[in-house]
Amino acid sequence: DGMARSDHGPLGVLARLLALAAPLGLLGLVTLGAFVVAPAVRAGGIAPPGEAPARAEAFRARATEALAGASAGWWRAWWALAAAGGLGLLLLPVVLLRGLRAGPADLGELLLHSRAGAAWWIQVACLAAASVAAVAVARRGRALPAALGGGGAWLLGVPAGVAVVAISWAGHASSGGDRTANIVIDALHGGATAVWLGGLLGLATLVSPAVARLADADRVRLAAAVVVRYSAVALTAVGVLVVTGVYRALA
């Protein structure tokens, strides 16, 4: 330990922040689109009691069109996060080698024979898989949130979720007693963060622009439906954050 130096300088913080923000943000974007916005549209928003089915269907068509027009912002956020994650993963080996006072010749040993190296490879594979899935989903030509149906959400979300688990598996949670419990709880903490903060990013890049495209009545109808659903999801996520955060702090 005396030979090692801290890897928590500005470069280390930046690398870890980028590598962590990417899977959290990607997972949150998918969760919001697939499990908040899509159900809100399918339900016809917050509709007046006794509304005729034809009017609900007309609203769904208008809301879908508005979301289609706002999909570009969601995809820009997606690719910006993916690029940030790629940069973070490029910097991480440099940071780890600096912390160990090692040189480029030790890169193979680090990446092939250490827990941190295994987690790095998993994160690289997950980012590559998520990027390929994003290209495939985008090429379907369907706008959000319809593009997240038919398995699209799983194609985009599962790699990000696996990356979150890999980060917990290689981090501080993997040390000490009750390793398995600590890793699971730390991963739940990361997942809850993704749902909450990544969901906020989705609201800003998808829902807000879509709502602005609608007339007043439809605007309230869609926004209210999304807010009700997201509030329930966010409240659950914050509860999980508090419980898992307290546990990890004590551990």
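Helix α5, residues 152-170, gives the largest share of a nonpolar surface patch, three residues. The model you are looking at is predicted. The patch is formed by Phe 35, Ile 122, Trp 154, Val 158 and Val 162, and together they have about 480 Å² of accessible area. Let's look at Val 162, which lies in helix α5. Is Val 162 buried or exposed? Its relative accessible area is 38%, so Val 162 counts as partly exposed.

Now let's turn to the inside. In soluble globular proteins, nonpolar side chains tend to be buried together. Here the largest nonpolar core has 43 residues, and those with the most contacts inside it are Trp 74, Trp 75, Trp 78, Leu 156 and Leu 222. The helices below give two or more residues to this core, and α1 provides the largest share, 11 residues.

| Element | Residues |
|---|---|
| α1 | 10-42 |
| α2 | 53-99 |
| α4 | 115-139 |
| α5 | 152-170 |
| α6 | 179-212 |
| α7 | 216-250 |

Apart from this core lies another, of 13 residues, with Ala 82, Leu 92, Val 95 and Leu 111 among them.

Which residues does Trp 78 touch, leaving aside its neighbours within four places in sequence? Trp 78 is in contact with Leu 26, Leu 29, Val 30, Ala 130, Ala 134 and Leu 156.

Finally, take a look at the loop between α2 and α3 (107-112), where Arg 101 lies. Arg 101 is not a glycine, yet it has a positive phi of about 55°. Because its relative accessibility is 51%, Arg 101 counts as exposed.

Technical notes: Residues numbered from 1 in each chain as written. Predicted model: local features only at pLDDT ≥ 70, side-chain atom pairs only at ≥ 80, totals over all residues. Heavy atoms only, no water. Patch = residues over 30% accessible without salt bridge, like charges linked within 9 Å, V, L, I, M, F, W, Y side chains within 5 Å. Areas by Shrake-Rupley, 256 points an atom, 1.4 Å probe, with all protein chains shown as cover. Salt bridge = Lys/Arg side-chain N within 4 Å of Asp/Glu carboxyl O. Helix = DSSP H or I, 4+ residues; strand = E, 2+ residues; numbered from the N terminus. Buried < 20%, exposed > 50% of the residue type's maximum accessible area, 1.4 Å probe, protein only. Core = buried A, V, L, I, M, F, W, Y, C linked by side-chain atoms within 4.5 Å. Contact = heavy atoms within 4.5 Å.
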